[in-house]
Amino acid sequence: MDELREQCPWDKKQTIHTLQPQTLEEVYELSDAVTNENWKGIKEELGDLLLHIVFYSRIGSEQQHFTLDDVIEGVCNKLINRHPHIYGHVKVENDTDVKQNWEKIKQQEGKKSVLSGVPPSMPALIKALRLQEKTKQVGFEWENTGQVKDKVDEEMNELFEAVEQGHQNKIEEEFGDVLFALINYARFVKVDPERALEQTNKKFIRRFQQVENMAAEQGKSLHDMTLWEMDALWNKVKETESKT
């Protein structure tokens, strides 16, 4: 990185702001590799992320803010401080105790809110999950799955009422409440909502592309087919998948 920063015209021009969108892209590529359990891909994407960490640290050093050693030392100190059950005398029974202690320590470190560690720019679905996980650590949590189901039903009814009334702003608000409640329900039934939705996305893509292929084999274009004709092909795809 030192050589690239000093000798490569492209690397010389980079700033923390020009690197940011590329870093996000690398994170998503890593996420795809993890979703697909592509270990070769995971290794490659981790290397790309590590490159970005070194790059940011080099820029930080140039501007006399911090070095790569400072970054590593900082996270090591944080891990030691937030694991008193390993490096201190605190006793824990399970991972829930660990998470609760973690949040308490963050408050002691100067965090003004339990939610202050959730980035504002985080994608909405993942943000909702993290918000719920954070507030759970201070006891702001339903007691059982039945209560969460009731909340989902309540929010669904409110959405349907808003749709009947035709108030668009209210519809959007209630739709958001439904999604938030469903994400909460996902936590209680131990489902990762982001992973579940992505699996459904992939399934939809796979099935729709098969519909396109089947239509082409019949010499037809989807643009010229009715919804019912396309739905018939869709059902054939589902039936074929259920047999495999």
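In this predicted model, arginine 206 has a relative accessibility of 39% and therefore counts as partly exposed. Its side chain meets that of glutamate 241 in a salt bridge, with 2.9 Å from N to O, and this pair links distant parts of the chain, since glutamate 241 belongs to helix H12 and arginine 206 to helix H11, 35 residues apart. Glutamate 241, with a relative accessible area of 19%, is buried, the limit for that class being under 20%.

**Salt bridges**

A search of the whole structure finds 16 salt bridges, among them the three listed here.

| Acidic residue | Basic residue | N to O distance |
|---|---|---|
| Aspartate 2 | Arginine 58 | 2.6 Å |
| Glutamate 62 | Arginine 5 | 2.8 Å |
| Glutamate 241 | Arginine 206 | 2.9 Å |

Aspartate 2 in helix H1 (residues 2-7) and arginine 58 in helix H4 (residues 39-62) are 56 residues apart, while glutamate 62 in helix H4 and arginine 5 in helix H1 tie together parts separated by 57 residues in sequence. In each of these two pairs the arginine is buried, arginine 58 at 17% relative accessibility and arginine 5 at 10%, whereas the acidic partners are partly exposed, aspartate 2 at 47% and glutamate 62 at 36%. A network of salt bridges links Asp2, Arg5, Glu6, Arg58 and Glu62.

**Aromatic pairs**

Helices H11 and H12 are also connected through aromatic rings, phenylalanine 204 in H11 being paired with tryptophan 234 in H12 (residues 227-242), 30 residues away. The ring centres of these two residues lie 5.4 Å apart with the planes at 45°, so the pair is tilted. The structure holds two aromatic pairs, and one of them is the stacked pair of phenylalanine 204 and phenylalanine 208, with 5.9 Å centre to centre and 15° between the planes. Because these two phenylalanines are four residues apart in helix H11 (residues 193-217), about one helical turn separates them. Phenylalanine 204, at 48% relative accessibility, and phenylalanine 208, at 31%, are partly exposed. Together the ring pairs join Phe204, Phe208 and Trp234 into a cluster.

**Helix H7**

The 14 residues of helix H7 (residues 95-108) should span 20 Å, and the C-alpha atoms at its ends are 20 Å apart, which agrees. At the start of H7, a side-chain oxygen of asparagine 94 comes to within 3.1 Å of the backbone nitrogen of threonine 96, and just after H7, glycine 110 adopts a positive phi of about 115°. The buried residues of this helix are Asn101, Glu103, Ile105 and Lys106, and what covers them includes helix H5 (68-81), helix H6 (84-87) and helix H8 (124-136).

Note on methods
Residues numbered from 1 in each chain as written. Predicted model: local features only at pLDDT ≥ 70, side-chain atom pairs only at ≥ 80, totals over all residues. Heavy atoms only, no water. Phe/Tyr/Trp six-rings, centres within 6.5 Å; stacked < 30°, edge-to-face > 60°. Buried < 20%, exposed > 50% of the residue type's maximum accessible area, 1.4 Å probe, protein only. Expected span 1.5 Å × (residues − 1). Contact = heavy atoms within 4.5 Å. Polar contact = N/O pair within 3.5 Å; in protein donor to acceptor, adjacent residues only side chain to side chain. Salt bridge = Lys/Arg side-chain N within 4 Å of Asp/Glu carboxyl O.
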